[in-house]
Amino acid sequence: MNKEQRIVLTGFMGVGKSSVARHVAHLIKSKRVDLDHELEYGERRTVAQIIDAEGEPAFRDIESRYLQEALDRPDLRVLSLGGGTWTLERNREIIKRSGLTSVWLESTFEHCWLNVAFSRKDRPLARDKKRAFELFQQRQQHYALADWHFVVRPDSTSFDVAKQIIEQIFS
Ligand code: S3P
């Protein structure tokens, strides 16, 4: 087991970043950090409340601040991002500078959309399917810049994906 390895998980909304991160962290016996969760806890508001009240650009500024804070944590091993975090160049830069390995969880739009539709999490940028699909298409080029790509098939569980990540990145 490579004890130095630290990873950041990216990918579209609904692909399962948080669940996969939870399993990876469990398997390597470390804590995981979920960026949306840190931000919501710190701001005492949900991401949806922030985007609805202040707009997406203001949310992105707050998100970048929490990203830097998360990256500064000495105990950080596994970080799950929001679906838009990695699409900003400034965020990719600070992640790279911190030396984390980036992992794209890749899936089809329909798979992600099904999870979004059945989730209780309010995602302001995915309230409309057509708009979400446009975002999905625009973002593929950014996600593709990640160091590793793992395909999440509709029948694979987040535990399966976590095991693949452990085998290939942490061994
Ligand atoms: C967003 C994804 C969300 C959350 C916010 C914006 C995005 O996180 O950060 O609603 O721009 O893709 P999840 O990817 O965990 O849904």
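So, how do the residues of the lining of the largest pocket divide into nonpolar, polar and charged? Keep that one in mind while I walk you round, and remember that this is a predicted model.

Let's start with the pocket itself. Its volume comes out at about 780 Å³, and 40 residues line it. If you want to find the centre on your screen, look for Gly-14, Ser-18, Asp-36, Lys-121 and Arg-123, which lie nearest to it. And here's the split I asked about: 13 nonpolar, 15 polar and 12 charged.

Where does that lining come from? Helix 1, residues 17-27, gives the largest share, with four residues. Several other elements supply at least two residues each, among them strand 2 (32-34), helix 2 (35-43), helix 4 (56-71) and helix 8 (158-170).

Okay, now the ligand, which sits in this largest pocket. There are 14 residues around the ligand, and the closest are Lys-17, Arg-60, Gly-83, Arg-123 and Arg-139. By class, that shell has six charged residues, five nonpolar and three polar.

Let me zoom in on three of those side chains. Lys-17 has a polar side-chain atom 2.7 Å from an oxygen atom of the ligand. For Arg-60, a polar side-chain atom also lies 2.7 Å from a ligand oxygen. With Arg-123, the distance from a polar side-chain atom to an oxygen of the ligand is 2.6 Å. And how much of the ligand does the protein cover? On its own the ligand has 390 Å² of accessible area, and the protein covers 98% of that.

Okay, that's my tour of the pocket and its ligand.

Methods:
Residues are numbered from 1 along each chain as its sequence is written. This is a predicted model: local features need pLDDT of at least 70, side-chain atom pairs count only at pLDDT 80 or more; totals for chains, interfaces and linings use all residues. Side-chain values use heavy atoms; hydrogens and water are left out. A residue is near a molecule or strand if one of its heavy atoms lies within 4 Å of it. A polar contact is a pair of N or O atoms within 3.5 Å; within protein, one must be able to donate a hydrogen and the other to accept it, and residues adjacent in sequence count only if both atoms are side-chain atoms. Accessible areas come from the Shrake-Rupley method with a 1.4 Å probe; for residues, only the protein chains shown count as cover. On a 1 Å grid over the protein atoms alone, a cavity is a set of points where a 1.4 Å probe fits but cannot get out, and a pocket is an open set with protein on both sides within 12 Å along at least five of seven lines; lining residues have an atom within 4 Å of a point. A molecule sits in a cavity or pocket if more than half of its atoms lie within 2 Å of its grid points. Ala, Val, Leu, Ile, Met, Phe, Trp, Tyr, Cys and Pro count as nonpolar, Asp, Glu, Lys and Arg as charged, and the others, Gly among them, as polar. Grid points are joined across faces, edges and corners, and a volume is the space filled by probe spheres set on the points.
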